[in-house]
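The report below describes the folds of two protein chains, moving from overall dimensions to individual strands and then to the arrangement of domains. It is meant to be read beside the coordinates.

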Amino acid sequence: MSDPIALTEATPAAAAGPVDGTGRHPLRAVVLAGGLTFEREVSLSSGTQVVQELERAGLDAELRDADADLLPGLAAAPADAVFIALHGATGEDGALRAVLDLAGVPYVGSPAAACRLAWDKPAAKSVVRSVGLTTPDWVALPHSTFRELGAGAVLDLMVARLGLPLMVKPATGGSALGVQKVSRVEDLPAAMVSCFAYGDTVLVERFVEGVELALSVIDLGDGPEALPAVEIEPQSGVFDYAARYTPGMTEYHSPARVAPEVADRAAALAVQVHTALGLADLSRTDAIVSDDGTVHFLEVNVSPGLTETSMFPMAVEAAGYELGDVLARLLARRAGTTR
Amino acid sequence: MPRHPRLDPLADRYAARTHGMKTSEIRALFSVVSRPEVISLAGGMPAVTALPLDVVGSMIGDLVSGLGAQTLQYGSGQGYPQLRERICDVMALEGITDASASEVVVTVGSQQGLDLVTRVFCDPGDVILAEGPSYVGALGVFQASEARVRHVPMDDDGLIPEALEEALLDCRANGDRVKFLYTVPNFHNPAGVTLSEERRVALMDIAERYDLLIVEDNPYGLLGFEKGPMRALRARDSQRVIYLGSFSKTFSPGLRVGWVLAPLAVREKLVLASEAQVLCPPSLTQYAVARYLDTQPWREQIKLFAELYRDRRDATLESLDALMPEGTTWTRPEGGFYVWLKLPHGLDAKLMQPRAVNAHVAYVPGIGFYADGAGREYMRLSYCYPEPDQIREGVRRLARVIEAELDLHSTFDTVDTGSFRAVGRGPRVPDVETIVAPATSERYEDGA
C-alpha cells in the first residue's frame with residue numbers, strides 16, 4: 001500500500017489495552033467467523049486468514065464465533081472495531097450488524113439495511129436493473145406458490161419465458177451451495193426440489209454463457225474503488241463448491257483476459273452496484289461477460305470470501321496492495337465510529 | 001513468489017488416484033455439527049466419558065514415569081508381545097480360542113489393519129465383495145487401492161448368502177478376480193443388523209465351495225444388548241478368515257489400537273507392510289491398552305458401555321416409532337451404534353441434508369456407504385454419542401424435516417403437464433450439473 005496511515009490512533013477501547021513499544025496502543029480487532037450456516041467452514045478459513053493478516057499489519061486481532069458468548073465478550077473487552085468474516089445468514093443478511101448497531105459496536109462493512117437488500121438476490125437484481133445495469137432475466141418464487149398454483153403450470157411459464165438452460169439457485173446464500181444448471185426441461189422439477197432444501201425461495205435465472213468475473217470493490221475513504229477483475233476458469237466448467245475451495249481445480253487470472261473496454265465496463269458496474277445498494281467498505285460482485293461484451297450482474301457479496309482460494313485477496317494482490325494493509329485500513333477507518 | 005493461476009503449483013503432478021480428493025459440500029454442511037445447537041446423529045463417536053478417566057489418566061502417567069524407557073521408545077513391528085497375548089483373551093470371548101499371539105499383528109486402529117490386508121492382497125482392478133451398504137472407511141481404503149467393489153445385498157439377518165453366491169458366479173463369468181469378501185457381521189456399520197447363525201453356517205459353506213477368503217471386521221461384537229457375543233466367523237475357519245479387531249469401541253478410539261489375526265504366512269506379509277508404513281505401532285498406547293486389560297475390570301466396563309448404548313438405542317427406536325411419517329422404515333439393532341433408516345418413496349437423504357442442517361439435526365446420507373452411487377433413499381443414524389433426551393429431540397427435528405420434504409415432493413412429483421410429459425413420480429437423480437462432490441470423496445468421522 002502506497003499510502004501508509006497510522007494504525008495506532010488512540011480510541012476508547014485501545015486506551016484500556018496494553019501499550020506497545022512506541023508508547024501507542026495497537027488497535028484491537030475482533031474478527032467474527034464460524035456461525036451456524038452451511039458456510040461455517042469457509043467462514044472459519046476466512047476469519048483465520050483475516051486474523052493473520054491483521055496481526056501481520058500490527059493489529060491485535062482475536063477470532064470469535066457468533067454465539068451466545070459474543071455480546072458479553074464484547075462488553076467485557078471492547079474492540080476498536082469488529083471485522084465480520086461470517087458468510088451466510090446472520091453475518092450477511094444484516095441481522096448481526098443490526099445487533100452491533102444496537103450495542104454501539106463499530107464494524108467494518110456495509111450497514112444492516114444495505115446487507116438485507118444485497119443478501120436477497122432477487123431484491124438486489126431488481127435494484128441493479130432499476131439503475132440501468134444488465135442482469136439475466138429471472139423469477140423468484142416460494143414453494144407455496146408452486147403448491148397453490150400447480151407446479152406444472154408455473155414451471156411451464158418459466159421455461160416459456162426464460163428459456164433453457166436455466167440457473168436454479170437459492171434466493172439467499174453463497175459458495176454456490178444448492179446452485180444448479182438445468183439444461184433439460186424434464187430435470188427442472190427435481191432441481192427445484194433439491195434447491196428448496198436450502199431455503200424457502202428459489203431464484204430461477206436465464207443462463208448466460210460467458211466469462212465469469214469476480215469484481216472486488218474497496219473504499220478506503222476516497223469513495224468506492226474497483227480492483228482488477230479476477231477471471232474464473234474452472235477445469236470442470238462449473239464453478240461449484242469443490243472448484244471454489246480445492247486448490248488446483250480452477251484457474252484464476254487477474255487482471256482478467258478481457259478487452260480493456262470490457263474490463264472498464266465491469267469495473268464501472270461493480271462500483272455502480274456497490275453504490276446503488278448502499279454498500280460500504282468492501283464488496284465483491286459476481287458477473288458474467290457474454291460474447292457480445294455485455295457485463296451481466298449475477299449477485300453481490302457484502303462479506304466476500306477471504307480464504308486462501310478466494311477472489312477478493314487475489315484482486316487486492318493484483319492491485320498491488322497488501323491484504324493485511326487494506327484490511328487494517330478498513331478497520332482503522334471504522335474504529336470508534338458507530339452507526 | 002508469483003501466485004500460480006491454479007493456486008497450486010503442483011496441480012499437474014498428482015497421482016491419478018488422488019483426483020477424487022477434493023473439498024466436499026457435504027463436509028461443509030458437517031462443519032456446523034460442532035455447534036451445540038445442532039444435534040448430531042451423524043458421527044459414530046464412542047461415549048468415552050463413561051470411562052474412569054482419572055484411573056486411565058494416572059495409569060498412562062505411571063507408564064511414562066515408570067516405564068518411559070520402553071513406552072517412549074520404538075517397539076516391535078508386529079506389536080507389543082504382552083498386548084498380543086491379551087488380545088487373544090479378548091478374542092476368546094467370541095469363540096476364537098485357537099489364536100496365538102504370534103498370529104496377531106497390532107495396528108494403528110483396525111483401519112490400518114484393513115489397509116494392510118487390502119495392500120497385501122489387491123492389485124488395481126481386483127474385485128472386493130462387500131455388503132451393500134458397507135462401512136465408509138473401508139470403501140475409502142478399497143478406492144485408494146484401486147480395487148473395484150461389488151456390493152452384496154443384506155436384509156435384517158445380514159448378508160444374503162444366495163446373493164453372495166450369485167455375485168461370485170457373476171464374477172466368475174466375467175473373469176473378475178475376487179480377492180475377498182469384506183464383512184461386518186455384528187451390529188453392522190451402517191445397517192445395524194447382525195448376521196444370523198444360520199447364515200454364518202451358510203456363508204462358511206459358500207466360502208469353502210468357492211474358495212473365498214473372508215475379511216471379518218468386528219469392532220462391535222462385544223457390544224450386544226440382548227444376548228452374549230455370537231461365535232466369530234474366524235472361530236469357524238482359521239485359514240479362510242482374516243479377522244480385524246479394535247479397542248476403539250470397547251476402550252478408546254483415541255488410542256488407535258487395533259489388530260489383525262491372520263494365518264502365519266499372511267501375518268508375515270502384514271508385518272513387513274506395516275513396518276513400511278509406520279515402522280511400529282505406537283508403544284505408549286499399546287502399553288496403555290495392555291495395562292488397562294491387566295489391571296482394570298474391562299469386561300465390566302464393556303457391559304457398562306453396552307447398557308449405556310442400549311438406553312440410547314431404546315430412545316432412538318421409541319422416538320422413531322412415535323414420530324416418523326408413514327413410509328419411513330428402519331432397522332432395529334440389537335447392539336452397536338447404528339440405525340439404518342429408509343426414507344419414504346422418492347426422498348433423497350443427500351439432497352435433503354441442507355434442510356436437516358437448517359433444522360439443526362445431522363445424519364449421514366446413505367450414498368456414502370456405497371461405492372456405486374446407490375443408497376440415496378437411506379441415512380445412517382448414530383445413537384452412540386448423544387444423551388437420550390438429545391436423541392428424542394433430534395428424531396423430532398428429523399421427522400419434521402422429512403414431513404417438509406414430503407410436502408415439497410407432493411408439489412413437484414406430480415408435475416406431468418405441458419412440456420413436462422416425461423416427468424412422472426420423483427425424477428430423483430437429476431441430469432443436471434448438481435453442485436455436489438462424488439460420494440467417494442466424502443468422509444465422516446467413524447473410527448475403526
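Buried residues make up 51% of the 448 residues in chain B of this predicted model. Of the contacts in chain B with a separation of 6 or more, 77% are accounted for by residues 24 or more positions apart. The secondary structure of chain B comprises 12 helices and 14 strands. Its radius of gyration is 23 Å, close to the 22 Å that the globule rule gives for 448 residues, so chain B is as compact as a globular protein of that length. Taken along the principal axes, the C-alpha atoms of chain B fill a box of roughly 75 × 65 × 50 Å.

Within chain B, strand S8 (residues 241-246) is mostly covered, with six of its six residues buried. From S8(B), the residues B:Val241, B:Tyr243 and B:Gly245 point one way, whereas B:Ile242, B:Leu244 and B:Ser246 point the other way, and all are buried. Strand S7 (residues 214-217) of chain B is joined to S8(B) by four bridges, and these two strands run parallel; here B:Val215 stands opposite B:Ile242. S8(B) also pairs with strand S9 (residues 258-261) of chain B, in the antiparallel sense and over four bridges, and the partner of B:Gly245 in that pairing is B:Trp259 of S9(B).

Chain A is divided into domain 1 (12-132 + 209-334) and domain 2 (138-206). The centres of the two domains of chain A, taken over C-alpha atoms, are separated by 28 Å, and 17 residues of domain 1 of chain A are in contact with 10 residues of domain 2 of chain A. On the side of domain 1 of chain A that touches domain 2 of chain A, the elements giving two or more residues are helix H6 (121-130) and helix H10 (241-245) of chain A, and H6(A) supplies the largest share, three residues. By class, that side of domain 1 of chain A has seven nonpolar, three polar and seven charged residues.

Chain A also contains two open sheets, one with antiparallel pairing and one with parallel pairing.

In the antiparallel sheet of chain A, four strands follow the order S5-S8-S6-S7. Strand S5 (138-142) and strand S7 (180-182) of chain A stand at the edges, each with a single partner strand, so one side of each is left without a neighbour in the sheet. The twist averages 25 degrees from one strand to the next. Helix H9 (residues 188-196) of chain A packs on this sheet, touching strand S6 (166-170), S7 and S8 of chain A, and its direction makes about 20 degrees with that of S6(A).

In the parallel sheet of chain A, the order of the four strands is S2-S1-S3-S4. Strand S2 (60-64) and strand S4 (107-108) of chain A stand at the edges, and each has a single partner strand, so one side of each is left without a neighbour in the sheet. Helix H2 (residues 40-56) of chain A lies across S1, S2 and S3 of chain A and runs at about 170 degrees to S2(A).

The table lists one strand pair from each sheet of chain A, with a pair of facing residues.

| Strand pair | Direction and bridges | Residues opposite each other |
|---|---|---|
| S5(A) and S8(A) (residues 201-206) | antiparallel, five bridges | A:Leu141 and A:Val202 |
| S1(A) (residues 28-32) and S3(A) (residues 81-84) | parallel, four bridges | A:Leu32 and A:Ile84 |

Conventions: Residues are numbered from 1 along each chain as its sequence is written. Chains are lettered from A and ligands numbered from 1 in the order in which they are written. This is a predicted model: local features need pLDDT of at least 70, side-chain atom pairs count only at pLDDT 80 or more; totals for chains, interfaces and linings use all residues. Two strands pair if DSSP finds at least two bridges between them. Axes are lines fitted to C-alpha atoms, for helices over the stretch in contact, and angles run from 0 to 180 degrees between N-to-C directions. Two residues are in contact if their C-beta atoms, placed from the backbone, lie within 7 Å. A residue is buried if 20 or more other C-beta atoms lie within 10 Å of its own, exposed if 12 or fewer, and partly exposed in between; C-beta atoms are placed from the backbone. Domain bounds come from an automatic or database domain assignment. Ala, Val, Leu, Ile, Met, Phe, Trp, Tyr, Cys and Pro count as nonpolar, Asp, Glu, Lys and Arg as charged, and the others, Gly among them, as polar. The radius of gyration is taken over C-alpha atoms; the globule rule is 2.2 Å times the number of residues to the power 0.38.
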